[in-house]
Amino acid sequence: MGNVARLAFIIFFFNIAMLTGKAQTVRAVHHISGQGSNMTVYEYNAVDVAPSFPGGTISLMRYINAMRRYPASAYEQNIEGRVTCGFVVSADGSIREISVMKSAHPSLDAEAVRLIEKMPKWEPGTVEGRKVAVYCVLPIAFRL
């Protein structure tokens, strides 16, 4: 699991009354520490604008279909499946903290991680107009 194992999940889904009597929603965040840095990471559904692949969802699917290489060993053994990966889109749009959340087969898992590692920078998510790191989940299907 690597750095993902260091995630400390602090999730708040309730309103806190401010001194003025108005309510403010506290957003779901993760705190990642390691390798000399601390990073606050927002949940995908807790940001004002979610991160997006350059060109949108259709471009993401085209990228996956064009870049995906079916592992020879899995192909020869007729292994299919869907690998679900989690990753962080940083405030600068780079991809970090990739992990396999649901495995299909080790060779398919490795290919899914490779695809995500090679992705171009995304448009980062925003909260109140500022760019923030956001945790995303992406299933990648492998069908013969």
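How many of the 12 residues of helix 3 are buried? Nine of them are, so helix 3 counts as mostly covered under the 20% cut-off for relative accessible area. The legends below walk through this predicted model view by view.

**View 1. The whole chain, with three helices and nine strands.** Start here to get your bearings. Reading from the N terminus, the elements go β-β-β-β-β-α-α-β-β-α-β-β. The protein has 144 residues, and buried ones make up 40% of them. Take the contacts between residues at least 6 apart in sequence: 64% of these join residues at least 24 apart.

**View 2. Helix 3 and what sits around it.** This helix spans 16 Å from first C-alpha to last, close to the 16 Å expected for its 12 residues at 1.5 Å a residue. Its buried residues are Ser 107, Leu 108, Asp 109, Glu 111, Ala 112, Val 113, Arg 114, Leu 115 and Ile 116. Charged names turn up in that list too, including Asp 109, Glu 111 and Arg 114. As for the cover, it includes helix 1, helix 2 (72-76), strand 6, strand 7 (95-102) and strand 9 (130-142). While you're looking at a helix, a reminder: an α-helix has 3.6 residues a turn, so residues three or four places apart point the same way.

**View 3. Leu 115, one of the residues of helix 3.** Zoom in on this side chain and you find it buried, at 1% relative accessible area. Who touches it? Setting aside neighbours within four places in sequence, Leu 115 has contacts with Tyr 63, Ile 64, Met 67, Arg 68 and Ile 140. Take Met 67: 48 residues separate it from Leu 115 in sequence, yet the two C-alpha atoms are 6.9 Å apart in space.

**View 4. Phe 53 and Tyr 63, a tilted ring pair.** A pair of aromatic rings is described by the distance of the centres and the angle of the planes. The model has five aromatic pairs with centres within 6.5 Å. In this one the centres of Phe 53 and Tyr 63 are 5.5 Å apart and the planes meet at 45°, so the pair is tilted. Phe 53 belongs to the loop between strand 5 (37-43) and helix 1 (57-67), while Tyr 63 is in helix 1, so the pair ties together parts 10 residues apart in sequence. Both Phe 53 and Tyr 63 are buried.

**View 5. Phe 87 and Trp 122, an edge-to-face pair.** Here the rings are 5.5 Å centre to centre, with 70° between the planes. The partners come from distant parts of the chain, 35 residues apart: Phe 87 from strand 6 (residues 81-89), and Trp 122 from the loop between helix 3 (106-117) and strand 8 (125-127). Phe 87 is buried, with a relative accessible area of 0%. Trp 122 has a relative accessibility of 9% and also counts as buried. Pull the view back a little and ring pairs link Phe 53, Tyr 63, Phe 87 and Trp 122 into a cluster.

**View 6. Arg 68 over the face of Phe 142.** The distance to the ring centre is 6.0 Å. You've met Arg 68 already, as one of the contacts of Leu 115.

**View 7. The largest pocket, about 200 Å³ in volume.** Rolling a probe the size of a water molecule over the atoms shows where empty space is left. Lining this pocket are 13 residues, and the closest to its centre are Tyr 44, Pro 51, Thr 57, Leu 60 and Trp 122. Trp 122 is the partner of Phe 87 from the edge-to-face pair. Helix 1 and strand 9 each give at least two residues to the lining. Strand 9 provides the largest share, with four residues.

**View 8. Glu 97 and Glu 128, two residues with positive phi.** Most residues other than glycine have a negative phi, and most peptide bonds are trans. Glu 97 has a positive phi of about 55°. This residue lies in strand 7 and counts as buried at 12% relative accessibility. Phi of Glu 128 is near 50°. Glu 128 is found in the loop between strand 8 and strand 9, and it is exposed, with a relative accessible area of 62%.

Technical notes. Residues are numbered from 1 along each chain as its sequence is written. This is a predicted model: local features need pLDDT of at least 70, side-chain atom pairs count only at pLDDT 80 or more; totals for chains, interfaces and linings use all residues. Side-chain values use heavy atoms; hydrogens and water are left out. Rings of Phe, Tyr and Trp (its six-membered ring) pair if their centres lie within 6.5 Å; planes under 30 degrees apart count as stacked, over 60 as edge-to-face and the rest as tilted. Buried means under 20% relative accessible area, exposed over 50%, partly exposed in between (1.4 Å probe, protein chains only). A charge sits over a ring if NZ of Lys or CZ of Arg is within 6 Å of the ring centre and within 35 degrees of the ring normal. The expected span of a helix is 1.5 Å times one less than its number of residues. Contact means heavy atoms within 4.5 Å. On a 1 Å grid over the protein atoms alone, a cavity is a set of points where a 1.4 Å probe fits but cannot get out, and a pocket is an open set with protein on both sides within 12 Å along at least five of seven lines; lining residues have an atom within 4 Å of a point. Grid points are joined across faces, edges and corners, and a volume is the space filled by probe spheres set on the points.
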